[in-house]
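Got your viewer open? Here is a short walk through one model, stop by stop, with something to select at each.

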Amino acid sequence: MSSSTTLTRRPTDSRTLHRRSLLGGAALLGAGTLAGCGIPSAYVAEDRRSAPDRSERDKRLNFSNWTQYIDTDDQGGRPTLDAFTEKTGIAVTYTEDINDNDEFFGKISPVLTQGADPGRDLMVISDWMAGRYVSLGWVQAMDRDNLPNVTANLDPQLANPVFDPGRRRSVPWQSGITGIAYNRKALGRELQSTADLWAPDLKGRITLFAGLDEALGLLMLSQGADIARFSDDDAHRAMDLVQKMVDTGHVRRFTGNDYTGDLASGAAVACQAYSGDAVQLTAENPDIAFVVPEEGGELWAESLMIPNRAVHKRNAELLVDYYYQPEVAAELAAAVQYICPVPAAREVLADSGDKDKAELAENPLVFPTAEMRARLHGMRDVTSAERPELHKVWGRITGV
């Protein structure tokens with residue numbers, strides 16, 4: 001199968017991923033830096049993370065998520081959550097209060113640092129930020145005895161991220177790819193590599209992500225780096241190339257999630273892009289294609305995590321495991337149309353008798369092919385020691 005794929009429209013509005021780093025605030029700081037600013041050490045030791053669990057006597061839990069990231073019906077219900085409550089008797093207070101990784105980090109960090117009740121039992125965090133929560137000791141290890149479906153059905157390619165080997169403290173909610181989107185008609189040819197963005201006829205017609213954590217992996221992959229173990233030299237080599245492209249006017253601008261507007265309007269012909277957005281983009285304009293570059297694309301996830309001092313931990317684990325039943329994962333995948341972390345859900349959709357769901361089962365940006373998987377790579381987190389210098393250089397390049 002070609003790595004360029006035309007996709008069908010998702011049944012719900014597109015939820016643009018807020019993976020962008022804002023290049024400022026406490027989210028960029030490690031535990032040592034926070035202490036150096038006069039703030040007590042942010043690291044929380046293992047023996048201070050748990051709270052008495054009320055799950056047995058208090059059949060409820062609080063779940064924080066992003067907007068438009070769950071199945072809904074015409075009555076405003078959430079069918080999979082409603083079915084969980086009916087099955088278990090556990091009521092779920094579902095709140096769409098995560099709008100940006102850095103903003104949410106800033107909101108919850110004082111509570112977690114002080115060891116107070118976070119007011120939520122489950123939250124969905126992007127992987128580059130999830131690594132920070134793990135390193136700071138802000139999330140609890142999950143009881144694997146409560147997660148048999150996760151053990152049986154989790155996509156092996158998502159099972160061992162660098163920031164959380166063995167997924168002890170995180171479980172993917174949905175996943176995606178950072179790759180290249182482009183307008184085939186306007187360009188007049190196919191793109192197969194990130195290096196193709198630097199072609200002379202694309203001068204002033206491409207965009208790159210403004211966030212270091214979002215942009216850097218794809219750029220380093222294009223230069224042959226192993227992004228799971230990248231070095232300082234790898235990062236600077238990639239940034240040096242971008243600096244040259246900025247100096248020559250090759251890069252039109254650096255974007256957040258608004259890159260989709262430039263591509264849709266024709267202001268940009270090619271750009272760094274997320275696979276989830278490609279569903280909407282290609283539905284609105286079949287000339288737009290998404291490619292996983294031949295040298296590799298970045299595979300990432302947004303993960304379920306249980307914060308310290310959560311008081312309904314077991315209930316939260318039961319909900320996590322519930323979504324790893326293939327039938328439930330299939331319903332969620334049909335609604336949000338990102339990469340499903342439960343490969344067995346593909347067969348459920350294929351055998352559903354529903355034409356749209358059967359087509360979705362063949363969508364490689366929801367269920368990647370073996371050929372595409374071979375080109376996907378997970379990126380390690382930028383450490384707190386590396387971050388200040390890399391952000392200084394990247395900020396100078398992007399002007400953000």
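By class, how many nonpolar, polar and charged residues does the lining of the second largest cavity have? Keep that in mind while we get our bearings: this is a predicted model, so colour the chain by pLDDT before anything else.

**Stop 1: confidence**

The protein chain has a mean pLDDT of 90, and 90% of its residues reach 70 or more. Now select residues 1-40, where the pLDDT is below 50. Beyond near neighbours in sequence, that stretch still has 123 contacts in the model. Where pLDDT is low, the predicted coordinates should not be read in detail. Hide the stretch if it clutters your view.

**Stop 2: the second largest cavity**

Three cavities of 30 Å³ or more are held in the structure. Go to the second largest, with about 50 Å³ of space. To see its lining, select P172, W173, Q174, L304, Y323, Y324, A329, L332, C340, P341 and V342. Two elements give two or more residues each to this lining: strand 4 (171-183) and helix 12 (326-336). Strand 4 gives the most, with three residues. And the opening question? By class, the lining has ten nonpolar residues, one polar and no charged ones.

Stay around here and step to Q337, in the loop between helix 12 and helix 13 (345-350). Check its backbone: phi is near 60°, a positive value in a residue other than glycine. Is Q337 buried or exposed? Its relative accessible area is 5%, so Q337 is buried.

**Stop 3: the largest pocket**

Next, the largest pocket, with a volume of about 280 Å³. The pocket is lined by 21 residues, and the closest to its centre are P161, V162, L299, G378 and M379, so centre your view on those. Helix 4 (127-136), strand 9 (297-305) and strand 10 (376-377) are the elements that give two or more residues to the lining. Strand 9 provides the largest share, four residues. Colour the lining by class and you get eleven nonpolar, five polar and five charged residues.

From strand 9, move on to R309, in the loop between that strand and helix 11 (313-322). R309 also has a positive phi, near 65°, in a residue other than glycine. With a relative accessible area of 26%, R309 is partly exposed, since the cut-off for buried is under 20%.

**Stop 4: a parallel strand pair**

Select strand 1 (residues 60-64) together with strand 2 (residues 91-95). The two run parallel and are joined by five bridges. For one facing pair, show N62, which stands opposite T93 in strand 2.

Now turn on the side chains of strand 2. Which of them point to the buried face? V92 and Y94 point to one face and are buried, while A91, T93 and T95 point to the other and are not.

**Stop 5: two covered helices**

How many of the ten residues of helix 7 are buried? Select residues 212-221 and you have helix 7, with ten of ten residues buried. D213 and E214 are among these buried residues, along with others including L216, L218 and M220.

Use L218 as a stepping stone to T194, which touches L218 as well as I180, S222, P293 and E295, leaving aside residues up to four places away in sequence. T194 is found in the loop between helix 6 (184-187) and strand 5 (206-209). Its relative accessible area is 0%, so T194 is buried.

Then select helix 10 (residues 275-284), which is mostly covered, with eight of its ten residues buried. The buried ones are S275, G276, D277, A278, V279, Q280, L281 and T282. What do they pack against? Show strand 4, helix 9 (259-265), strand 7 (270-274) and strand 8 (288-291) to see their partners.

**Last stop: H236**

Finish at H236, in helix 8 (residues 232-247). At 19% relative accessibility H236 counts as buried, because the cut-off is under 20%. Display E389, L390 and V393 too: H236 touches these, not counting residues up to four places away in sequence.

Technical notes:
Residues numbered from 1 in each chain as written. Predicted model: local features only at pLDDT ≥ 70, side-chain atom pairs only at ≥ 80, totals over all residues. Heavy atoms only, no water. pLDDT = per-residue confidence, 0-100. Contact = heavy atoms within 4.5 Å. 1 Å grid on protein atoms, 1.4 Å probe; cavity = no way out; pocket = protein on both sides within 12 Å on 5 of 7 lines; lining within 4 Å. Points joined across faces, edges and corners; volume = space filled by probe spheres on them. Nonpolar A, V, L, I, M, F, W, Y, C, P; charged D, E, K, R; others polar. Buried < 20%, exposed > 50% of the residue type's maximum accessible area, 1.4 Å probe, protein only. Pairing = 2+ DSSP bridges.
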